[in-house]
Amino acid sequence: MTVVIGFEGSANKIGVGIIRDGEVLSNPRRTYITPPGQGFLPGETAKHHRSVILTVLQEALDEAGLKSADIDCVAYTKGPGMGAPLVTVAVVARTVAQLWGKPLLGVNHCIGHIEMGRLITNAQNPTVLYVSGGNTQVIAYSERRYRIFGETIDIAVGNCLDRFARVIKISNDPSPGYNIEQMAKKGTKFIELPYTVKGMDVSFSGILSYIEDAAHKMLSTSQCTPEDLCFSLQETLFAMLVEITERAMAHCGSQEVLIVGGVGCNLRLQEMMGVMCKERGARIFATDESFCIDNGAMIAQAGWEMFRSGHITELSDSWITQRYRTDEVEVTWRD
């Protein structure tokens, strides 16, 4: 049996997970939370990760009931993500691999999400919608690559939601997107916002600028409530995502959709995608927050797949990269 430990820390989550042949043995994590109206800066986020990563590592080992001798491979997030947090995690993973005398593997963050989603849901060959704070992509597997069929041309959908949360001072605990989702359930008035789909790609920066301006004007004159704005923003963004996902499904002849990434926890997004899939006679797959949101087990799972198919990262190549495209990785573990 192959046991892989995975370190994830590309943004404001720091997690360590352990996978043994498709079984999640442990998956603890911590989240760096800033005050309402503020985002998280790379330096401060890295400082947070440094302060807790060894504690989380010990938790992962204790929870799994394993010792260092039981680990076969150490995997870490190579990118994409924020530079300082990525470096923090890479340094710890490199150190642990050398101390324990174990092989090292640099993992693409997005592929970690995809492989974790496939493991948990048993989706066979889905069209993947990857939606998070840093990424928005529609992906499908073809000829040993995860091909990007469509993506954001500016900011990610999660970043759009997070930045709007700052505008109206929504709490970051447990996350801005979660709190927007709860407020949106109470919205009753739909405010029309720009809808920007360009072929297979989407754009969110214009919507953000528009709703930032509208929020100040409409809230000050009581034309709508913050809940109405959250509802309207969610509906517009998610309709765009469903449209480009359906287009990719039609192109690929796919009958499965897998939603991954932090925004993928949103039940309204899952509901809207489910309606589209039902109309097409297709199936939707999604996971809960324990696996949707950045976590160490997803890096361990992708590392497990890679390690079993012969991948190893030499110490001299174990750098990080903030821009690491999903389709740069040769997928040798799938037919």
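UniProt positions are given here in the numbering used for this chain, with feature names shortened, and such annotations may be inferred rather than shown by experiment. The structure is a predicted model, in which local features need pLDDT of at least 70 and side-chain atom pairs count only at pLDDT 80 or more, whereas totals for chains, interfaces and linings use all residues. Residues are numbered from 1 along each chain as its sequence is written, and side-chain values use heavy atoms, with hydrogens and water left out.

According to the unreviewed UniProt entry, the annotation "binding site" covers Tyr130, Val131, Ser132, Gly133, Gly134, Asp162, Gly177, Glu181 and Asn266. Of these positions, Val131 lies in strand 7, helices (H or I, at least four residues) and strands (E, at least two) being DSSP runs numbered from the N terminus. Val131 is buried, with a relative accessible area of 0%, where buried means under 20% relative accessible area, exposed over 50% and partly exposed in between (1.4 Å probe, protein chains only). Contact being defined as heavy atoms within 4.5 Å, Val131 has partners beyond its neighbours within four places in sequence that include Val157, Leu241, Ile259 and Leu269. Gly177, in helix 5, is partly exposed, with a relative accessible area of 21%.

Strand 7 also belongs to an open sheet of five strands, in the order 9-8-7-12-13 and with mixed pairing, two strands being paired if DSSP finds at least two bridges between them. Strand 9 (145-151) and strand 13 (283-286) stand at the edges with a single partner strand each, so that one side of each has no neighbour in the sheet. Strand 12 and strand 13 pair in the parallel sense over four bridges, and Glu256 has Arg283 of strand 13 as its bridge partner. Helix 7 lies across strand 7, strand 8 (136-142), strand 9 and strand 12, and runs at about 155 degrees to strand 7; axes are lines fitted to C-alpha atoms, for helices over the stretch in contact, and angles run from 0 to 180 degrees between N-to-C directions.

The largest nonpolar core has 46 residues, and those with the most contacts inside it are Phe164, Phe204, Leu233 and Leu237; such a core is a set of buried Ala, Val, Leu, Ile, Met, Phe, Trp, Tyr and Cys residues joined through side-chain atoms within 4.5 Å. Helix 7 gives the most to this core, with eleven residues. Leaving aside neighbours within four places in sequence, Leu237 is in contact with Val157, Cys160, Leu161, Phe204 and Ile207.
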